Amino acid sequence: MTSQILNLRGSCQVNLERSSLDSRRGMRSTRLRVTRANGRAVPNRNNLLVRSVLDKDLSAPSTQDKGKWAPDSWKAYHAHQQPTWPDEDHLKSVVDRLETLPPLVFAGEARTLREQLAKVCIGEGFVLQGGDCAESFAEFRADNIRDTLRVLLQMSAILMYGSGLPVVKLGRMAGQFAKPRSSDTETIDGVTLPSYRGDNINSDEFTPEARIPNPDRLIQAYNQCSSTLNLLRGFTTGGYGCLERVTKWNLDFMEGTEQGKRYEELAASLDEAMQFMKACGIGADHPIMKSTDFYTSHESLLLHYEQALTRLDSTSDQWYGCSAHMLWIGERTRQLDGAHIEFMRGIANPIGIKISDKCEPEELVELISTINPDNVPGKICIIMRMGAEKMYKYFPRLIQAVEDNNLHVVWISDPMHGNTVKSETGYKTRRFEAIRAELRAFFDVHDQMGTHAGGVHLEMTGQDVTECTGGSSVDVVTDSDLPLRYHTHCDPRLNASQSLELAFLISDRLYKRRVVKKNIL
């Protein structure tokens, strides 16, 4: 496997030459030259270079020509994965209403997130991004939000303990409604209707009326996002998210389980460390002990909604997408000449880009350079999704292209979307072992390339669902268990026990890397 990675690492070198502003799109165009290199790969970029960029005023206006971009300039390009709205006037009235409503997040919060992600770029942090596949109106309850947050807090404690690094916590929450579909229509028993695209567009009920896209659902989604954010802020700043509560985060149904017991042991160790910190003068009243940073993210799919919640920040004179702290572009909407790239290149938020084995190195370089022409650290997160075997085969050359062009990115693994299968019982599911294998491949490749594995992106929930099979717990989910608590509105999610098990596995890997690095130093 090592030789396979090293051979690929030296097989392709991509050089990027910037040219003048493209008059058509008002942004930096790029000319890409791909050359073969049989020699040793270029070493990892110097951290001092990244730090010099970090010292700059990141709130300063971008060098891109802003006059060529506007929140609605995406309309001049083809927008993939958009619903067919039956009444454009109705849609316009809803968009106009959303434009008058308060932003869901604030520009300063997005800037703080970007600064934290910039530290991850240089190996001084790790990203934990997780939450529902698709939020729904029907399951909107305070206890569901609390339980998912609780598991994410547990996972972050496990990861911090093993890695010795701060963990940037990102929820797939407060906006993750819309979903891309492989087909515009769905056929059941000979009846064909429009596909379900998410609760903010239409209903999953299979009737002609329910499947008609309804703009009023955008207002309902906004209101639910606002309530969710209010609750998350209350939990994370009001004491619930403080480390002193680490022993109280375990869910009731986790008591007595293998992962629950392992977490209790870790929590006891953390509690002892907290007592030591108190003795050093860092008590419960210290700001770092009373709250925790938590950010929201979702796929920026529905462009009318994103446009309506875009605001010009008065302190930096930059545009921000104020529907979430971080937005990402999906695998199906990252066309360089498409509307989603056009929208994303104009906002200052941290941006994620989902990448599969279909992406060529030169295409990735151009994607990054289009959205982040000033190469600001913390601006771009590359979220890899391709399955374990393809990860070993295709991932090294993508890292090589980014390194050769000295581009600052956070590498994140999404081990979920490349591992969806249909079970023998007919349910769409994901095998825990396949998820684990892709994560192992992600870390293996980074170890061989000398780069930083920066995070993980998971579809998970705090509920005791039976949607993904496998795991090493006594109560392992089998194919026959899937019908018991299969609640997802879209794709299968890890339950709390499986999520914690995965966190422990990642933590063990991060700990080993930390020990190796310490021994080298």
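Visitor: Which residues does histidine 457 touch, not counting residues up to four places away in sequence?

Guide: In this predicted model, histidine 457 touches Gln129, Arg172, Trp328, Lys354, Ile383, Ile412, Ser413, Asp414, Pro415 and Met416. Histidine 457 itself sits in strand E16, residues 455–459.

Visitor: Why is histidine 457 called buried?

Guide: The relative accessible area of histidine 457 is 0%. Buried means under 20%, so histidine 457 is buried.

Visitor: What makes the pair of histidine 457 and glutamine 129 a polar contact?

Guide: Their side chains are joined at 2.8 Å. The cut-off for such a pair of N or O atoms is within 3.5 Å, and the 2.8 Å pair therefore counts as a polar contact.

Visitor: How many residues along the chain lie between the positions of histidine 457 and aspartate 414, and what separates their C-alpha atoms?

Guide: The two are 43 residues apart along the chain, with their C-alpha atoms separated by 4.7 Å. Asp414 is also among the residues that histidine 457 touches.

Visitor: Why does threonine 488 count as buried or exposed?

Guide: The relative accessibility of threonine 488 is 14%. The limit for buried is under 20%, so threonine 488 counts as buried. Threonine 488 lies in the loop between E16 and helix H14 (496–520).

Visitor: What does the side chain of threonine 488 reach?

Guide: The side chain of threonine 488 reaches the backbone nitrogen of cysteine 490 at 3.1 Å and the backbone oxygen of aspartate 491 at 2.6 Å. Leaving aside neighbours within four places in sequence, threonine 488 is in contact with Cys133, Glu467 and Arg493.

Visitor: Why are H11 and H12 called oblique to each other?

Guide: Helix H11 (residues 361–371) and helix H12 (residues 388–404) pack at an angle of about 45 degrees, their axes 9 Å apart. Roughly parallel needs an angle under 35 degrees, and roughly perpendicular needs 65 to 115. An angle of about 45 degrees fits neither range, and H11 and H12 are therefore oblique. The contact is made by Pro361, Leu364, Val365 and Ile368 of H11 and by Arg397, Leu398, Ala401 and Val402 of H12.

Visitor: How do you know that the reach of helix H6 is close to the expected one?

Guide: H6, residues 216–237, has 22 residues and reaches 32 Å from its first C-alpha to its last. At 1.5 Å a residue, 32 Å is expected. Its buried residues include Leu218, Tyr222 and Phe235. Glycine 239, which follows H6, has a positive phi near 110 degrees.

Conventions
Residues numbered from 1 in each chain as written. Predicted model: local features only at pLDDT ≥ 70, side-chain atom pairs only at ≥ 80, totals over all residues. Heavy atoms only, no water. Helix = DSSP H or I, 4+ residues; strand = E, 2+ residues; numbered from the N terminus. Expected span 1.5 Å × (residues − 1). Buried < 20%, exposed > 50% of the residue type's maximum accessible area, 1.4 Å probe, protein only. Contact = heavy atoms within 4.5 Å. Polar contact = N/O pair within 3.5 Å; in protein donor to acceptor, adjacent residues only side chain to side chain. Axes fitted to C-alpha atoms, helices over the stretch in contact; angles between N-to-C directions. Parallel < 35°, antiparallel > 145°, perpendicular 65-115°, else oblique.
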